[in-house]
Amino acid sequence: MLLLAARMSRAKPSAIMAVADKARKLKAEGRDIISFSIGVPNFLPGEHVYAAVRDALTKDSGSYGSNRGSDALLDAFLKHLEDAGLGGYTRKNVATGIGAKHVLYNLAGVLLDPGDTIAFTVPYWASYMDIADIVDAKVRLLPCPASQNYKLTPAQLDGALAGVKVFLFNNPSNPTGMVYSKDEIAALADVLVKHPDVWIICDDIYNRMIFDGVGYHNFVQARPELRARVIQVDSLSKTYGMPGWRVGFMCGPESVAQAIVTLNSNHITNLPEVVTAAAVAALSGPQDITKQKCAEFQAKRDQVIATMRSIPGVVCPCPQGAFYVFPDISCAFGKSHAGRKINNDIDFCAVLLEAKGVACVPGSAFGDPKALRISYTCPTAQLAEGLKRFREFFAELA
Ligand SMILES: Cc1ncc(COP(=O)(O)O)c(C=O)c1O
């Protein structure tokens, strides 16, 4: 009998994509569907990005490129890091990949042997678990429920790191949108200094999508000695409205960046030339679209939070970044909608989609089955209509 590798029995298709597919299918059948499901920024990059692509097409080298990334792209990313308060790195500290997801997958391969332990908070971005499963790592989950604002405390981190090889941190968070303040980052950094054998991956791809003047803060700024084992992950997907262009980055110790380059040399080889041109233009060109979208997302966040707070029983910490809200909707469990029983988050999302045409992702995809994720980047009118239906749905529960 022909068998697939054992790791494929651990690999699962993305739960988020499954919801998005169902919403697409219902839409194709003519249903009026409002999708709060997939985490897309819902805007396009500026004209300067397309102009750079057109220009690159006239200069195609017709060749392979650098396994690390072109010098122009590495330099543009280094400048982007510097603007975020992370100066002092060189080209040898950085490497690129086909999106942050690919970079994270590569990092798992670089840092984790089978049986090694990776720790991250719950709720987590769904792919963390899937990537850990594929590389056969053990996972240590650090529960951060709504009652603690979905945030990790220093004491919790301190108590969880024994035997851990990699601590994976995500700020701002997908799915909760929570952002750590300067003081909170400093307190966690103090704990990390006490655990010198732990690699630290900071998946900070939403670092330009932060509201309320909280600002973006990171462990390296707080405790510079952590630079030797912190790996920053970034991406163009959310910041520049370029999820399909597939450009991700890492920055960290030279040995880690070099290992990513070695992996790249054995699978992707290089980012395509036109994509590189687009990426350089996005990073180096005007940043006004990103700033404008961040302000829009903050206003939409307010709209969603106002709705969540108006529904009795729903608990919803107020996020300060990204474009997600993660309400605890467990007050609905045990109730019914038009005769359909809701026992858990998966039932809730399925019945909501069928009854009201609103697609959300069940919290269990992120390890928290009491909640669901709303991705709120759709046009304002659609958002208002979707929130109205969400409120109606709750009012109709019996
Ligand atoms: C927290 C987080 N990390 C990484 C990624 C992957 O981003 P990319 O599109 O660059 O692969 C996502 C995408 O949703 C994300 O939310």
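**Entry 1: a small sheet**

I began with a sheet of 3 strands, which is open and runs in the order β9-β14-β13. The pairing in this sheet is antiparallel. I then asked which strands stand at the edges. They are β9 (324-325) and β13 (361-362). Each of these has a single partner strand, so one side of each is left without a neighbour in the sheet. I noted that the model is a predicted one.

Next I looked at how β9 is held to its partner. I found 2 bridges joining β9 to strand β14 (residues 372-375), and these two strands run antiparallel. I picked out one facing pair: Tyr324 stands opposite Ser375 in β14. As background, strands of a sheet pair through backbone hydrogen bonds, either parallel or antiparallel.

**Entry 2: the whole chain**

I stepped back to the protein chain. I counted 14 helices and 14 strands in it. Its radius of gyration is 21 Å, close to the 21 Å that the globule rule gives for 398 residues. The chain is therefore as compact as a globular protein of that length. I also took the extent of the C-alpha trace, which spans about 60 × 60 × 55 Å along its principal axes.

How much of the chain is buried? I found that buried residues make up 47% of the 398 residues. Then I turned to contacts between residues at least 6 apart in sequence. Of these, 74% join residues at least 24 apart.

**Entry 3: two domains**

I looked up the domain assignment. It gives domain 1 as 9-38 + 289-395, and domain 2 as 47-284. Their centres, taken over C-alpha atoms, are separated by 26 Å. I asked how many residues of domain 1 are in contact with domain 2. The answer is 28 residues of domain 1, in contact with 31 residues of domain 2.

I followed the domain 1 side of this contact. The elements α2 (15-28), α12 (288-309) and β9 each supply at least two residues to the side that touches domain 2. The largest share of that side, 5 residues, comes from α12. By class, the side of domain 1 that touches domain 2 has 15 nonpolar, 7 polar and 6 charged residues. I had met β9 before, as an edge strand of the open sheet.

**Entry 4: one residue of domain 2**

I chose Ala52, which is found in helix α3 (residues 47-57). Is Ala52 buried or exposed? I counted 21 other C-beta atoms within 10 Å of Ala52, and 20 or more is the mark for a buried residue. Ala52 is therefore buried.

I then looked for its neighbours, not counting residues up to four places away in sequence. Ala52 touches Ala277, Ala278, Val280 and Ala281. I also checked the distance to Val274. Ala52 and Val274 are 222 residues apart in sequence, yet 8.1 Å apart in space, C-alpha to C-alpha.

**Entry 5: around the ligand**

I moved to the ligand. There are 13 residues around the ligand. Which of them come nearest? They are Gly99, Ala100, Asn174, Ser235 and Ser237. I asked which element gives the largest share of the shell. Helix α5 (residues 99-111) does, with 3 residues. I sorted the shell by class and found 4 nonpolar, 7 polar and 2 charged residues.

**Entry 6: cis peptide bonds**

I kept Asn174 in view, since the peptide bond from Asn174 to Pro175 is cis, with omega near 25 degrees. Pro175 has its place in the loop between β5 (166-170) and α8 (182-193). I noted another cis peptide bond, which joins Val122 and Pro123. There omega is about 0 degrees. Pro123 is found in the loop between β3 (117-122) and α6 (126-134).

**Entry 7: positive phi**

My last search was for positive phi values outside glycine. Asp212 has a positive phi of about 60 degrees, although it is not a glycine. I placed Asp212 in the loop between β6 (199-203) and α9 (219-222). Asp212 is exposed, with 12 other C-beta atoms within 10 Å.

I logged Thr269 as well. Its phi is positive, near 70 degrees, and Thr269 is a residue other than glycine. Where is Thr269 found? I traced Thr269 to the loop between α10 (254-266) and α11 (273-284). With 12 other C-beta atoms within 10 Å, Thr269 is exposed.

Technical notes: Residues are numbered from 1 along each chain as its sequence is written. This is a predicted model: local features need pLDDT of at least 70, side-chain atom pairs count only at pLDDT 80 or more; totals for chains, interfaces and linings use all residues. A residue is near a molecule or strand if its C-beta atom, placed from the backbone, lies within 6 Å of it. Helices (H or I, at least four residues) and strands (E, at least two) are DSSP runs, numbered from the N terminus. Ala, Val, Leu, Ile, Met, Phe, Trp, Tyr, Cys and Pro count as nonpolar, Asp, Glu, Lys and Arg as charged, and the others, Gly among them, as polar. Two strands pair if DSSP finds at least two bridges between them. Domain bounds come from an automatic or database domain assignment. Two residues are in contact if their C-beta atoms, placed from the backbone, lie within 7 Å. The radius of gyration is taken over C-alpha atoms; the globule rule is 2.2 Å times the number of residues to the power 0.38.
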